[in-house]
Amino acid sequence: MYAYLVRRISGAIVVLFGISIITFLLVYAVPADPARMIVGPKAPAAVVAAVRAQLGLNLPLPVQYIDYMGRLFHGNLGTSYIYSLPVTKMILQRIGPTAWLALWCWVAELVIGIPLGIYTARHARHKRDYIVSGIALVGISLPVFWLGLVLLYWFGFEIPIFPLGGSGGIQYVILPGLTYGITGAAYYTRLLKSSMLEVMGQDYVRTARAKGASERRVTWRHVVRNALLPVVTFGGIDIGYLLTGVVLIEATFNWNGLGMLAYTAIQNDDVPVIMGTVMLIAVGVVMFTLLVDIIYAAIDPRIRYD
Amino acid sequence: MSLSESDIKQYQPFTPVPVNSKKRPFRSLREFPMLYVGGFLVLLLIVVALFAPLLAPHNPDAVFQNGLNANGTPIAPNGEFPFGTDSNGRDILSRVIYGSRVSLTVGVVSTVINLFIGVVVGLLSGYFGKWVDTVLMRAVDTILAFPFLLFAMALVAVLGPSLWNVLFAIGILGWGTMARVVRGQVLSLKEFDYVQAERALGASHARIMFRIILPNAIGPVIVLATLNVGMNMLTEAGLSFLGIGIQPPQASWGNMIQQGMNTYAFAPWTLWFPGLALVVAVLGFNMMGDGLRDLLDPHNATR
Amino acid sequence: MTEALLKVQDLVKYFPIHRGVFQHTVGHVKAVDGISFTVNRGETLGVVGESGCGKSTMGRSVLRLIEPTRGRVEFEGKDVLALNKQGMRIMRREMQIVFQDPYASLNPRFTIGQTLLEPMKIHHLHNPRERLQHVYRLLDRVGLAAEYARRFPHEFSGGQRQRVGIARALAVDPKLVILDEPVAALDVSVQSQVLNLLEDLQNELNLTFVFIAHDLSVVRHISDRVLVLYLGRMAEIADSEELFTHPLHPYTKALLSAIPVPDPDAKRERIILQGDLPSPANPPSGCPFHTRCPVAVDKCRQEVPVWREVQSGHHVACHLV
Amino acid sequence: MEKVLEVRDLTIEFLIEERYHQAVQGVSFEIGEGETLGLVGESGCGKSVTSLALMRLLPVHTKVSGQVRFRGEDLLTVGEPKMRQIRGNEISMIFQEPMTSLNPVHRIGTQISESLILHRNLSASKARAQSIELLKLVGIPRAEQIVDEYPHQLSGGMRQRVMIAMAMACQPTVLIADEPTTALDVTIQAQILDLMRNLTAQNRMSTLLITHDLGVVAEMCDRVAVMYAGQIVEQGPVREIFRHPSHPYTIGLMNCIPKIAGERTRLVPIEGNVPSLQNMGTGCRFAPRCPQAMEVCKNEPQEYDVGTGHKSRCWLHAEAGVTSR
């Protein structure tokens with residue numbers, strides 16, 4: 001298991017480097033001249049040149065990349081062109097709200113998705129299964145932002161129980177959580193259902209029945225336990241998706257988080273902020289994937305003892 | 001959101017068994033309702049997109065004198081404007097009809113790009129293994145770790161928001177899952193004895209990859225591609241919703257929803273119709289994909 | 001009939017075991033560990049052994065479907081392992097293989113006709129217009145009707161598919177066919193049909209067979225000579241009759257005694273081996289069989305037994321013979 | 001000898017393309033106390049399905065009719081809770097694939113303990129202790145350690161021993177072994193057969209041994225039932241069957257096996273293939289492949305007595321024997 005983990009971690013490091021290179025190259029694809037953006041459109045050309053030199057923009061690309069990585073290791077993501085604030089600081093302020101939102105969205109997915117998955121698998125090929133599976137399919141087809149607005153209309157406006165957007169405590173996360181729960185739970189439902197159906201066809205389930213175990217015992221001890229393994233993998237990847245997709249839900253609910261930060265930065269060509277958020281979220285995705293690998297190794301004996 | 005691991009999970013490689021369609025041609029209709037309903041919705045979408053000028057009652061971009069109430073608010077659905085008007089006084093039905101063109105184009109063309117890159121990467125990676133596999137799979141890991149939507153946003157911002165740039169950004173970034181699925185298929189197929197037999201006969205790598213392995217791997221790839229179209233339509237709508245995709249006045253369901261965001265309180269129809277159109281279109285592709293999966297599932301074929 | 005067609009010398013195939021951070025090699029699965037034998041033109045050499053003995057790897061290494069680690073494979077005097085890509089392509093017409101699993105060995109997307117045309121297309125054999133005629137001839141030769149050419153594999157039973165697999169191997173007119181457990185997946189009634197077919201084909205076409213199997217009675221039935229493998233090494237080789245009546249290696253003896261005989265009154269001395277097969281990744285020192293051998297002595301644990309000829313044509317690797 | 005298990009007219013139908021097809025038809029046999037009955041036949045003949053039907057472990061959409069009398073009760077009609085008390089307790093089973101028949105995420109000990117906890121109400125610690133004893137009984141070395149290991153850490157032979165330990169846990173009256181050695185190597189098969197022979201003899205267990213290998217039958221069984229295409233075509237004491245096989249299928253089967261000793265002769269195969277479930281003709285099911293087929297074979301034959309406890313379902317014996325039952 002040790003070797004397995006080390007292998008996973010080293011793979012993650014390679015991926016992180018790939019991410020840093022692509023993010024870095026993105027800067028050079030942006031047509032805006034950073035020096036010009038900092039000093040303003042009316043500054044003389046000499047000033048722009050001076051700023052360019054100061055920023056090290058004259059140096060060859062590989063050198064700039066090494067500089068950039070060096071700063072990155074010190075937690076320095078640069079300075080926003082627009083707000084002249086350190087990007088690290090801007091991002092740190094937004095991590096909390098985004099993490100809070102993402103957590104609720106994730107919990108909502110699990111709470112809705114997993115029981116429905118078990119339910120549909122247990123009633124496979126019955127009317128009940130078709131109904132729930134149909135709903136799951138519609139759930140997957142729903143755009144989060146539209147569903148969010150629909151829920152806002154009904155439960156924020158027509159029946160004003162919840163606030164009409166904005167970030168904050170529990171009352172603010174219920175609608176976004178529900179929105180994400182409805183659209184995302186379907187993935188868990190479908191995955192768990194197919195995984196359970198597969199496990200139900202395994203020889204060891206027949207062995208359990210041959211031992212005289214009741215259907216309830218067979219389901220919970222033998223089927224669900226094995227069927228949850230792929231769900232664990234997906235759960236981690238899903239947190240990654242959540243982080244990458246958070247911009248849509250934040251824009252819909254006017255939530256002041258990382259997604260909104262990146263969104264405004266993209267509209268303003270504020271390259272250091274774009275790079276910083278993209279980098280941070282990518283790192284988050286890699287970390288969660290890694291975490292899941294570790295959890296997986298801990299719960300699957302076939303990996304644990306290999 | 002791009003395609004998920006759950007989709008990968010569901011395409012564990014299998015040997016396709018041709019459905020015995022000769023005997024009972026209409027059996028499928030009852031056994032695969034998903035395929036038929038989904039196929040119908042997709043066909044409907046294609047027809048609407050193709051014949052938009054004939055079907056739309058008005059010019060989608062025209063601002064109507066009588067398109068707004070006296071207080072400047074949109075008009076509710078009525079005989080002249082069946083889906084009502086938007087905050088600019090344009091006919092929502094016509095805009096929804098024309099919006100189908102954007103969704104369908106982006107969904108299908110970006111999927112074709114995904115498919116092309118994904119199949120090539122997956123095939124090479126799975127077939128040659130060793131360092132080719134290591135390098136390509138790290139690339140796939142990297143592309144999958146990126147915040148897809150943010151990155152697409154940044155890319156579109158760089159290239160300038162237009163239909164073709166949106167489609168290109170989605171196409172160039174969304175092939176990771178496809179590559180993984182193809183690779184998984186190839187890995188299992190290449191151990192099959194019929195592939196080994198081909199090697200024993202002295203066939204070239206290209207012949208084995210394209211004539212033997214690819215046709216056998218294609219089933220799950222088609223299913224995934226179908227679902228992918230729906231996903232890419234959602235991504236396009238998301239980008240347009242954020243104002244980074246298709247730019248007004250060109251009608252896209254995403255930017256119509258964005259506009260509806262400001263008016264839904266007093267004119268909810270501005271929100272309902274573009275959203276419903278998007279849901280129905282995506283649902284069509286998802287149902288078709290699910291139906292195809294059932295059709296290609298060997299358990300169903302032999303039942 | 002003693003002209004050597006295939007000569008294998010000290011064939012070795014180690015599969016590296018990758019572990020750790022950078023997947024470096026920490027050991028090897030010694031699947032085939034120094035196997036030498038000769039197959040004469042027109043004969044059938046049976047190769048037997050239990051799972052993990054390397055018999056299948058050996059067969060595929062000879063054909064270079066798996067690249068052997070080292071050793072020498074000589075076909076009609078030509079060094080097969082030294083051939084370049086083009087040379088190997090030509091060599092593939094001389095040596096063919098039939099696989100075990102009739103369900104996995106035929107491309108489900110090809111009709112039987114397409115499957116049989118494939119070898120001719122790869123090697124540009126026959127005039128394209130004559131190819132179909134040749135397909136029909138091949139089908140007839142393996143006892144299938146010509147109309148089957150238009151059908152797909154899933155319409156056939158295991159035995160019929162195996163006949164198609166044999167026809168595919170014969171499509172390039174090979175001299176040597178490696179049969180890798182060709183009847184293991186078949187029911188006995190069908191197994192006997194295929195065995196008879198193989199015997200007929202060998203006589204008609206003067207084919208040479210290497211017949212790999214785990215079923216000793218099948219091997220005895222079809223082989224002229226039999227090679228017994230254990231954990232990637234050779235244990236014993238002899239003429240079929242000789243081996244089955246006078247086995248010398250304790251492993252061969254145990255193997256023979258372990259076969260259930262369909263005769264309730266058969267009184268036999270049964271040797272039940274203790275323990276499991278050791279892992280080929282970590283084979284025992286000395287004689288690989290010593291961990292389970294009922295007569296092992298100290299020498300067996302330390303020294304690798306020499307491969308020697310005890311009688312004419314009867315070789316064995318055991319200290320105690 | 002007391003009859004422990006009595007199967008009467010067992011018929012099993014599967015739903016294929018919306019129609020029911022008979023996979024097993026009119027199967028009757030009995031097993032006496034301490035007796036081993038071999039159920040032998042080629043793949044698809046219905047032998048495994050029969051064994052699953054006895055345990056009521058067949059999937060839904062399967063119609064089972066007939067009687068399975070165990071201790072005076074018909075297992076096909078008892079309630080599910082009662083059936084659960086019988087499974088793993090009175091009747092237990094061993095399967096063909098020891099690789100896939102054990103749950104990969106549970107420890108060996110947990111899996112053996114399961115039936116002890118279910119049927120003997122043992123505490124977890126007592127069940128564990130007994131699991132160790134059972135592992136020792138089936139000849140597993142280092143039982144104290146193995147009990148805490150997972151299936152993937154064991155070899156195929158060891159896993160089959162674990163399966164046997166599980167089956168023996170509650171000292172069942174009947175053991176059903178479905179091709180218990182097919183997936184194993186010959187030398188390991190010899191070990192497992194030896195173990196099964198000793199255990200069943202010691203515990204006077206009645207055994208239903210399902211196999212395709214006539215050699216295994218000859219070594220292990222007291223009586224044999226030969227199945228073809230869902231029917232028992234011949235049954236009787238093992239010596240009788242091997243000495244005087246009477247049904248053309250049994251004879252054919254014996255002729256097409258290569259011999260391990262004696263003169264090498266050309267095999268006499270049974271021509272043709274087993275008919276599929278969907279197109280099973282009328283009359284004798286073996287007739288299309290039978291070298292001795294006659295006009296009368298177009299009609300369904302009965303089981304006829306051809307010796308003491310020896311029955312054959314063939315028109316050739318219609319005159320010689322009296323219709324049984």
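Chain A holds 13 helices and 0 strands. In this predicted model, the order of elements along the sequence of chain A reads α-α-α-α-α-α-α-α-α-α-α-α-α. The C-alpha trace of chain A covers about 85 × 55 × 30 Å along its principal axes.

A good place to begin inside chain A is a pair of its helices. Two packed helices are described by the angle between their axes and the distance between the axes. For helix H5 (residues 87-122) of chain A and helix H6 (residues 127-141) of chain A, that angle is about 145 degrees and the axes lie 8 Å apart. The crossing of H5(A) with H6(A) is left-handed. On the H5(A) side, the residues in contact are Leu116(A), Tyr119(A) and Thr120(A), and they meet Arg128(A), Asp129(A), Val132(A) and Ser133(A) of H6(A). Sorted by character, the residues of this contact comprise 3 nonpolar, 2 polar and 2 charged.

Asp129(A) also appears in a charged pair. Side chains of opposite charge can pair when their charged atoms come close. Here, Asp129(A) forms a salt bridge with Lys193(A), and the closest N and O atoms are 3.0 Å apart. Because Lys193(A) belongs to helix H8 (residues 170-200) of chain A and Asp129(A) to helix H6 of chain A, the pair ties together parts that are 64 residues apart in sequence. Over all chains, a search of the whole structure finds 56 salt bridges.

Chain B offers two helix pairs that share a partner, H9(B). In one of them, helix H5 (residues 92-128) of chain B packs with helix H9 (residues 176-189) of chain B; their axes come within 7 Å and cross at roughly 35 degrees. This crossing of H5(B) and H9(B) is right-handed. From H5(B), the residues that take part are Asn114(B), Leu115(B), Gly118(B), Val119(B), Val121(B), Gly122(B), Leu123(B), Ser125(B), Gly126(B) and Tyr127(B), while H9(B) brings Met178(B), Ala179(B), Val182(B), Arg183(B), Val186(B) and Leu187(B). The contact of H5(B) with H9(B) consists of 10 nonpolar, 5 polar and 1 charged residues.

In the other pair, H6(B) and H9(B) have axes 9 Å apart and pack at an angle of about 145 degrees. H6(B) passes H9(B) in a left-handed crossing. H6(B) contributes Asp133(B), Met137(B), Val140(B), Asp141(B), Ile143(B) and Leu144(B), and H9(B) contributes Gly176(B), Thr177(B), Ala179(B), Arg180(B) and Arg183(B). By character, the residues of the contact of H6(B) with H9(B) are 5 nonpolar, 2 polar and 4 charged. Ala179(B) and Arg183(B) of H9(B) thus take part in the contact with H5(B) and in the contact with H6(B).

Attention now turns to where chains A and B meet. The contact takes 51 residues from chain B and 52 residues from chain A. Between the two chains, about 4,700 Å² of area is buried, and carbon and sulfur atoms give 78% of it. The count of salt bridges between chain B and chain A is 1. In it, Asp290(B) is paired with Arg190(A), with the closest N and O atoms 3.1 Å apart. There are also 4 residue pairs in polar contact between chain B and chain A, with both residues at pLDDT 80 or more.

Several helices build the side of chain B that touches chain A. Those giving two or more residues are helix H1 (5-10), helix H6 (130-145), helix H7 (148-159), helix H11 (205-241), helix H12 (253-263) and helix H13 (269-296) of chain B. Of these, H13(B) gives the most, with 12 residues. The residues on this side of chain B divide into 34 nonpolar, 9 polar and 8 charged.

Two details of the backbone complete the picture. Most residues other than glycine have a negative phi, and most peptide bonds are trans. The peptide bond from Pro248(B) to Pro249(B), however, is cis, with omega near 10 degrees. Pro249(B) sits in the loop between H11 and H12 of chain B. In chain C, Asn206(C) is not a glycine, yet has a positive phi of about 50 degrees. Asn206(C) is located in the loop between helix H6 (188-205) and strand S8 (208-213) of chain C.

Key. Residues numbered from 1 in each chain as written. Chains lettered and ligands numbered in written order. Predicted model: local features only at pLDDT ≥ 70, side-chain atom pairs only at ≥ 80, totals over all residues. Heavy atoms only, no water. Axes fitted to C-alpha atoms, helices over the stretch in contact; angles between N-to-C directions. Helix = DSSP H or I, 4+ residues; strand = E, 2+ residues; numbered from the N terminus. Left-handed = near helix turned anticlockwise from the far one by under 90°. Contact = heavy atoms within 4.5 Å. Nonpolar A, V, L, I, M, F, W, Y, C, P; charged D, E, K, R; others polar. Buried area = accessible area lost by both parts, 1.4 Å probe. Salt bridge = Lys/Arg side-chain N within 4 Å of Asp/Glu carboxyl O. Polar contact = N/O pair within 3.5 Å; in protein donor to acceptor, adjacent residues only side chain to side chain.
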